Amino acid sequence: MKIQGKMFIWLSAFLLVVAVVYGVWSKEPAGTTALFLAFGLSIMIGFYLGFTARRVDVGPQDNKEADVADDAGEVGFFSPHSWQPLGLGLGAAVAFLAVAVGWWLMYFAAPLIVLSIWGWVFEYYRGENRTQ
(Lines give C-alpha, C1' and ligand atoms only; values in the text may rest on other atoms or scores of the structure.)
Protein backbone atom coordinates (compact mmCIF):
# COMPACT_ATOMS: atom_id res chain seq x y z
CA MET A 1 0.00 0.00 0.00
CA LYS A 2 2.92 2.32 0.47
CA ILE A 3 3.64 2.51 -3.24
CA GLN A 4 0.02 3.35 -4.07
CA GLY A 5 0.01 6.12 -1.46
CA LYS A 6 3.20 7.60 -2.90
CA MET A 7 1.78 7.41 -6.42
CA PHE A 8 -1.32 9.36 -5.40
CA ILE A 9 0.74 11.95 -3.53
CA TRP A 10 2.90 12.51 -6.64
CA LEU A 11 -0.25 12.66 -8.77
CA SER A 12 -1.73 15.27 -6.46
CA ALA A 13 1.47 17.37 -6.68
CA PHE A 14 1.27 17.18 -10.48
CA LEU A 15 -2.42 18.11 -10.46
CA LEU A 16 -1.76 21.10 -8.22
CA VAL A 17 0.91 22.42 -10.59
CA VAL A 18 -1.35 21.83 -13.60
CA ALA A 19 -4.30 23.52 -11.86
CA VAL A 20 -2.29 26.62 -11.02
CA VAL A 21 -0.76 26.89 -14.51
CA TYR A 22 -4.12 26.27 -16.18
CA GLY A 23 -5.87 28.79 -13.95
CA VAL A 24 -3.29 31.51 -14.63
CA TRP A 25 -3.14 30.97 -18.38
CA SER A 26 -6.77 30.28 -19.20
CA LYS A 27 -8.64 32.31 -16.56
CA GLU A 28 -11.44 29.80 -17.06
CA PRO A 29 -13.16 28.93 -13.76
CA ALA A 30 -14.80 25.59 -14.58
CA GLY A 31 -11.68 23.76 -15.69
CA THR A 32 -9.59 25.31 -12.92
CA THR A 33 -12.13 24.23 -10.33
CA ALA A 34 -12.22 20.71 -11.77
CA LEU A 35 -8.44 20.45 -11.59
CA PHE A 36 -8.35 21.70 -8.00
CA LEU A 37 -11.07 19.20 -7.07
CA ALA A 38 -9.06 16.43 -8.74
CA PHE A 39 -6.07 17.57 -6.68
CA GLY A 40 -8.17 17.40 -3.50
CA LEU A 41 -9.48 13.93 -4.26
CA SER A 42 -6.02 12.67 -5.13
CA ILE A 43 -4.46 14.01 -1.94
CA MET A 44 -7.25 12.46 0.15
CA ILE A 45 -6.73 9.04 -1.41
CA GLY A 46 -2.94 9.31 -1.10
CA PHE A 47 -3.16 10.34 2.54
CA TYR A 48 -5.59 7.51 3.32
CA LEU A 49 -3.42 4.89 1.63
CA GLY A 50 -0.28 6.16 3.35
CA PHE A 51 -2.07 6.36 6.71
CA THR A 52 -3.41 2.82 6.33
CA ALA A 53 -0.09 1.40 5.11
CA ARG A 54 1.57 2.26 8.41
CA ARG A 55 -0.98 0.21 10.34
CA VAL A 56 -1.15 -2.97 8.25
CA ASP A 57 1.42 -5.59 7.41
CA VAL A 58 3.65 -5.15 4.39
CA GLY A 59 1.91 -6.51 1.32
CA PRO A 60 3.45 -8.30 -1.64
CA GLN A 61 3.13 -5.15 -3.75
CA ASP A 62 5.63 -3.41 -1.44
CA ASN A 63 8.21 -6.19 -1.75
CA LYS A 64 10.52 -5.76 -4.76
CA GLU A 65 11.38 -9.48 -4.74
CA ALA A 66 7.76 -10.70 -4.69
CA ASP A 67 6.16 -12.88 -7.37
CA VAL A 68 2.64 -12.61 -8.74
CA ALA A 69 1.72 -15.79 -6.86
CA ASP A 70 2.53 -14.14 -3.52
CA ASP A 71 -0.60 -12.02 -3.82
CA ALA A 72 -2.83 -14.99 -4.68
CA GLY A 73 -5.49 -16.19 -2.31
CA GLU A 74 -9.15 -15.92 -1.52
CA VAL A 75 -10.58 -12.64 -2.71
CA GLY A 76 -13.86 -12.87 -0.84
CA PHE A 77 -17.35 -14.28 -0.94
CA PHE A 78 -19.54 -13.32 -3.86
CA SER A 79 -23.17 -14.24 -4.11
CA PRO A 80 -23.53 -16.75 -6.94
CA HIS A 81 -27.12 -15.88 -7.75
CA SER A 82 -29.23 -12.96 -6.74
CA TRP A 83 -32.21 -11.25 -8.33
CA GLN A 84 -31.98 -8.24 -6.03
CA PRO A 85 -29.60 -6.16 -8.21
CA LEU A 86 -32.05 -6.43 -11.09
CA GLY A 87 -34.86 -5.00 -8.96
CA LEU A 88 -32.58 -2.29 -7.66
CA GLY A 89 -31.50 -1.38 -11.18
CA LEU A 90 -35.11 -1.21 -12.36
CA GLY A 91 -36.03 0.95 -9.37
CA ALA A 92 -33.11 3.28 -10.08
CA ALA A 93 -34.10 3.48 -13.74
CA VAL A 94 -37.65 4.45 -12.82
CA ALA A 95 -36.32 6.98 -10.29
CA PHE A 96 -34.12 8.63 -12.92
CA LEU A 97 -37.00 8.53 -15.35
CA ALA A 98 -39.05 10.38 -12.73
CA VAL A 99 -36.65 13.30 -12.93
CA ALA A 100 -37.31 13.62 -16.67
CA VAL A 101 -40.97 12.66 -16.92
CA GLY A 102 -42.61 13.53 -13.66
CA TRP A 103 -42.00 13.24 -9.95
CA TRP A 104 -45.12 11.09 -9.53
CA LEU A 105 -43.07 8.13 -10.81
CA MET A 106 -41.11 8.23 -7.54
CA TYR A 107 -44.15 6.66 -5.87
CA PHE A 108 -43.44 3.55 -7.93
CA ALA A 109 -39.64 3.70 -7.74
CA ALA A 110 -39.22 4.16 -3.99
CA PRO A 111 -40.96 0.92 -2.90
CA LEU A 112 -39.08 -1.04 -5.56
CA ILE A 113 -35.75 0.38 -4.39
CA VAL A 114 -36.51 -0.19 -0.70
CA LEU A 115 -37.71 -3.76 -1.25
CA SER A 116 -34.69 -4.61 -3.39
CA ILE A 117 -32.26 -3.25 -0.83
CA TRP A 118 -34.12 -5.04 1.96
CA GLY A 119 -34.02 -8.31 0.02
CA TRP A 120 -30.34 -7.91 -0.82
CA VAL A 121 -29.33 -7.20 2.77
CA PHE A 122 -31.33 -10.09 4.23
CA GLU A 123 -30.75 -12.52 1.37
CA TYR A 124 -28.76 -14.95 3.50
CA TYR A 125 -31.07 -14.84 6.52
CA ARG A 126 -33.88 -16.88 4.98
CA GLY A 127 -34.56 -19.64 2.48
CA GLU A 128 -32.07 -22.10 1.05
CA ASN A 129 -29.12 -19.71 1.43
CA ARG A 130 -29.55 -19.46 5.18
CA THR A 131 -26.54 -21.58 6.05
CA GLN A 132 -23.99 -19.70 3.95
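## Helix 1 and what covers it

In helix 1, the buried residues are Gly5, Ser12, Leu15 and Ala19. Keep in mind as you look that this is a predicted model. So what sits over those buried spots? Helix 2 (29-53) is part of the cover.

There's a handy rule for reading a list like that. An α-helix has 3.6 residues a turn, so residues three or four places apart point the same way. Try it on Ser12, Leu15 and Ala19, which are among the buried residues of helix 1.

How far does helix 1 reach from its first C-alpha to its last? Helix 1 runs over residues 2-26, which makes 25 residues, and the reach is 36 Å. That's close to the 36 Å you'd expect at 1.5 Å a residue.

## The turn at Lys27

Right after helix 1 comes Lys27, a residue in the loop between helix 1 and helix 2. Have a look at its backbone: phi is positive, about 55°, even though Lys27 is not a glycine.

Is Lys27 buried or exposed? Its relative accessibility is 68%, and the cut-off for exposed is over 50%, so Lys27 counts as exposed.

## What the UniProt record says

An unreviewed UniProt entry lists residues 7-25, 31-51 and 88-121 under "transmembrane region". How do the spans 7-25 and 31-51 look in the model? Residues 7-25 are 100% helix and 0% strand, with the end C-alpha atoms 27 Å apart. Residues 31-51 are also 100% helix and 0% strand, and here the end C-alpha atoms lie 30 Å apart.

## Helix 3 meets helix 4

Now move along to helix 3 (residues 84-100) and helix 4 (residues 106-121). Their axes come within 8 Å and cross at roughly 155°. Angles over 145 degrees count as roughly antiparallel, so that is how helix 3 runs relative to helix 4. On the helix 3 side, the contact includes Gln84, Pro85, Gly87 and Leu88. On the helix 4 side, Met106, Ala109, Leu112 and Trp120 are among the residues taking part. The crossing of these two helices is left-handed.

## A proline in helix 4

Pro111 is worth finding too, and you'll spot it in helix 4. With 41% relative accessibility, Pro111 counts as partly exposed, because that value falls between the 20% and 50% cut-offs.

How far is Pro111 from Gln84? The two are 27 residues apart along the chain, and their C-alpha atoms are separated by 13 Å. Gln84, remember, is one of the helix 3 residues in contact with helix 4.

Terms used:
Residues numbered from 1 in each chain as written. Predicted model: local features only at pLDDT ≥ 70, side-chain atom pairs only at ≥ 80, totals over all residues. Heavy atoms only, no water. UniProt positions renumbered as here; feature names shortened; annotations may be inferred. Helix = DSSP H or I, 4+ residues; strand = E, 2+ residues; numbered from the N terminus. Expected span 1.5 Å × (residues − 1). Buried < 20%, exposed > 50% of the residue type's maximum accessible area, 1.4 Å probe, protein only. Contact = heavy atoms within 4.5 Å. Axes fitted to C-alpha atoms, helices over the stretch in contact; angles between N-to-C directions. Parallel < 35°, antiparallel > 145°, perpendicular 65-115°, else oblique. Left-handed = near helix turned anticlockwise from the far one by under 90°.
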